[in-house]
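Thank you all for making time this morning. I would like to take you through one structure, and I will try to keep to what can be read from the coordinates.

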Amino acid sequence: MPIRRLPPETVNRIAAGEVVERPASAIKELVDNAIDAGATRIEVEAHGGGLTRILVADDGCGLSAEELPVAIERHATSKLAPDADGLWDLLRIHTMGFRGEALPSIGSVARLQISSRAKGAKDAFSILVEGGQVGEVAPAAFPGPHGARIEVRDLFYATPARLKFMKSERAEALAITEEIKRQAMANESVGFSLDIDGRRVLRLPPEHPGPQGRLARLAAVLGREFQENALEIDQTRDGVRLSGFAGLPTYNRGNAAHQYLFVNGRPVRDRLLQGALRAAYADFLARDRHPTAALYVTLEPTEVDVNVHPAKAEVRFRDPALVRGLIVGALRHALAGAGHRASTTVAAQALDSIRAQQSPFPGYQPAPSPAGFSAWREGGWTPPTQRPMDLPGLSEVSARVEPGLGGGLAEAVREVYADAAASHSPYADYRAGGAPFDPVDYPLGAARAQVHETYIVAQTRDGMVIVDQHAAHERLVYERMKGEMASGGVTRQTLLLPEVVDLDPAEAERVVARAEELAGLGLVIESFGPGAVLVRETPALLGKTDAAALVRDIADDLAENGQALALKERLEEVCSTMACHGSVRAGRRLNGAEMNALLREMEATPHSGQCNHGRPTYVELKLADIEKLFGRR
């Protein structure tokens, strides 16, 4: 077959197929241009899922009459400029866009109209592109002092085949909303508004740049619950900074849709970053639960390649191990700093469950009716045999079950807190041997009772706490075992006959390169020729294990995540199982000293607010919450 040159309109449509996949991707490109133009407010309108009409208006620097026809030419952009030697550097990208493909690609498959007034100019101008056919620049009306209004009608009308494969209008509208949310989270100092089919969807005013403004924007997008249960992240390592907010382990979701990742202000979907986030929470969540987070990676443009995909949704780091290690370390440090804290949604869910119980127990009868004695005679209710004012102790001041710490409990608590919080903690004087303060002032309060030999009820200064004794002690034992394993290393067992594991040569090379790291986890391997690994020792904790399957899982983890998660997860799973069997079981009766000692140890142990599967170990109800249940508020 002869080789033919493609006509320009066909080339444009091929480019459009790469950059403009759906209405949401067209809006993303237009919003990127607005941000690069210095806009402080961006308005987006969409009709018919974005297929009928899209409008993106901004108050950026705008375009002059001379720039309008150049802006719709392929690979024409204001984002790049040659250096002193006349070279165009694609490794130092400081803007959102740089390829110069978005506007011509949209214009080749739709009806595109650009109206703009340049900053400082008196007149506004517009240009129309229909299916790749460019019109003349003409004067136009423009409402603002400067900026641009880009209107896209009948998207993909010039490519009917592509139009047939679009999803429903509702699905496209949801994709547009998600895209605007990501852009808004990446640019908290820019105000955003979104209307879909004339319906107001988002109104996000500009926030002050910085952590507080960013958290306010995240709360507006993700909900106030995220703000209440988010941990601030801010760590720097070798010129790479990680900032943002991550949710508590007990504030988790059923999928990874609530994980937002940004690199130099650009929303991305990167497997490396997602794998690092999963690794950081692997110790706290079950496999089917996912953390919530909004993480921002900032580094020199020369250290990251954003020119990987036309849509710029993927990036490639020069030192991926550094970025991954920073994410895992920073998140684990923040989670450890949270101590025994659990998410506020735990109490809300408990209250909702209580309110949902319309009939507390079978045979429940309502309070006496106005009929009085006649209702009792008909069997509607049973009058008390004693008047309320005659009940013994009712008129007296309520007494505390445990007014102070007695017996050997004081010494036990001092031992628990010996190496705990810093000297400014309210426990400092108590640890030093001073006079103890009121036990209800502890974060988890003073134990008052044990219910069903499973749950500990404690009183705090402004509410009450209910603790699952088995789940709480399981986490305490697990954290202790992990600390011992980290300080003393993993005990190894030598195989009577070393096992040879056949792998792909590239996989074998990756595994052998991590031999020292694996030895620290109890797995001793060595190279056994091309495409093979020899296993000499395995972790004693695993007992009799399938060494070949373990090595293959490690090879898969190294290929996907750059770290041997399989072995760590197996060791942690064994520790978790051992902790479960070695912890206080449900059904065991505890005395007051034991219950208080468990509460104090929870306060001094990181991550004790959730069990090893991300479920809460305690529920805290404030007095205000309890009063709402009884209609007192």
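I will go through two sheets, the nonpolar cores and two individual residues, and please keep in mind throughout that this is a predicted model.

Let me begin with the five-stranded sheet, which is open, has mixed pairing, and runs in the order E10-E11-E16-E13-E14. At its edges stand strand E10, residues 230-237, and strand E14, residues 266-268, and because each has a single partner strand, one side of each is left without a neighbour in the sheet. From one strand to the next, the twist averages 20°.

Within that sheet, I would draw your attention to the pairing of strand E13, residues 259-263, with strand E16, residues 293-298, which is parallel and extends over five bridges. If you want a landmark there, take leucine 261, which stands opposite leucine 295 in E16.

Which helices lie across these strands? One of them is helix H6, residues 169-186, which lies across E13, E14 and E16 and runs at about 55° to E13. Another is helix H10, residues 320-337, which lies across E10, strand E11 (240-247) and E16, and whose angle to E10 is about 140°.

Turning now to the nonpolar cores, the largest has 58 residues, and the members that touch the most others are Ile42, Leu112, Val152 and Ile180. This core draws at least three residues from domain 1, which covers 8-80 + 96-204, and likewise at least three from domain 2, which covers 211-340. A second core, separate from that one, has 36 residues, including Leu285, Val304, Val328 and Ala330.

To give a sense of the surroundings of one core member, valine 152 touches Leu30, Thr52, Arg53, Ile54, Ile106, Ala110, Arg111 and Leu112, leaving aside residues up to four places away in sequence.

Next, I would like to look at aspartate 195, whose place is in strand E8, residues 191-196. Is aspartate 195 buried or exposed? Its relative accessible area is 19%, and since the cut-off for buried is under 20%, aspartate 195 counts as buried. Although aspartate 195 and glutamate 45 are 150 residues apart along the chain, their C-alpha atoms are separated by 4.8 Å. Again leaving aside residues up to four places away in sequence, aspartate 195 touches Val44, Glu45, Ala46, Arg200, Val201 and Arg203. With the last of these, arginine 203, there is also a polar contact of 2.8 Å between the two side chains.

The other residue I picked out is threonine 605, in the loop between helix H20 (592-604) and strand E25 (618-622). Threonine 605 has a relative accessibility of 13% and therefore counts as buried. A polar atom of the threonine 605 side chain lies 2.7 Å from the backbone oxygen of glutamate 601.

Finally, let us turn to the three-stranded sheet, which is open and antiparallel, with the order E22-E24-E23. Here strand E22 (492-502) and strand E23 (524-527) stand at the edges, and because each has a single partner strand, one side of each is left without a neighbour in the sheet. Direction ignored, neighbouring strands of this sheet are turned by 15° against each other on average. E23 pairs with strand E24, residues 532-539, over four bridges in the antiparallel sense, and the bridge partner of glutamate 526 is leucine 534 in E24.

That is where I will stop, and I am happy to go back to any of these regions.

How values were computed:
Residues numbered from 1 in each chain as written. Predicted model: local features only at pLDDT ≥ 70, side-chain atom pairs only at ≥ 80, totals over all residues. Heavy atoms only, no water. Pairing = 2+ DSSP bridges. Helix = DSSP H or I, 4+ residues; strand = E, 2+ residues; numbered from the N terminus. Axes fitted to C-alpha atoms, helices over the stretch in contact; angles between N-to-C directions. Contact = heavy atoms within 4.5 Å. Core = buried A, V, L, I, M, F, W, Y, C linked by side-chain atoms within 4.5 Å. Buried < 20%, exposed > 50% of the residue type's maximum accessible area, 1.4 Å probe, protein only. Domains from an automatic or database assignment. Polar contact = N/O pair within 3.5 Å; in protein donor to acceptor, adjacent residues only side chain to side chain.
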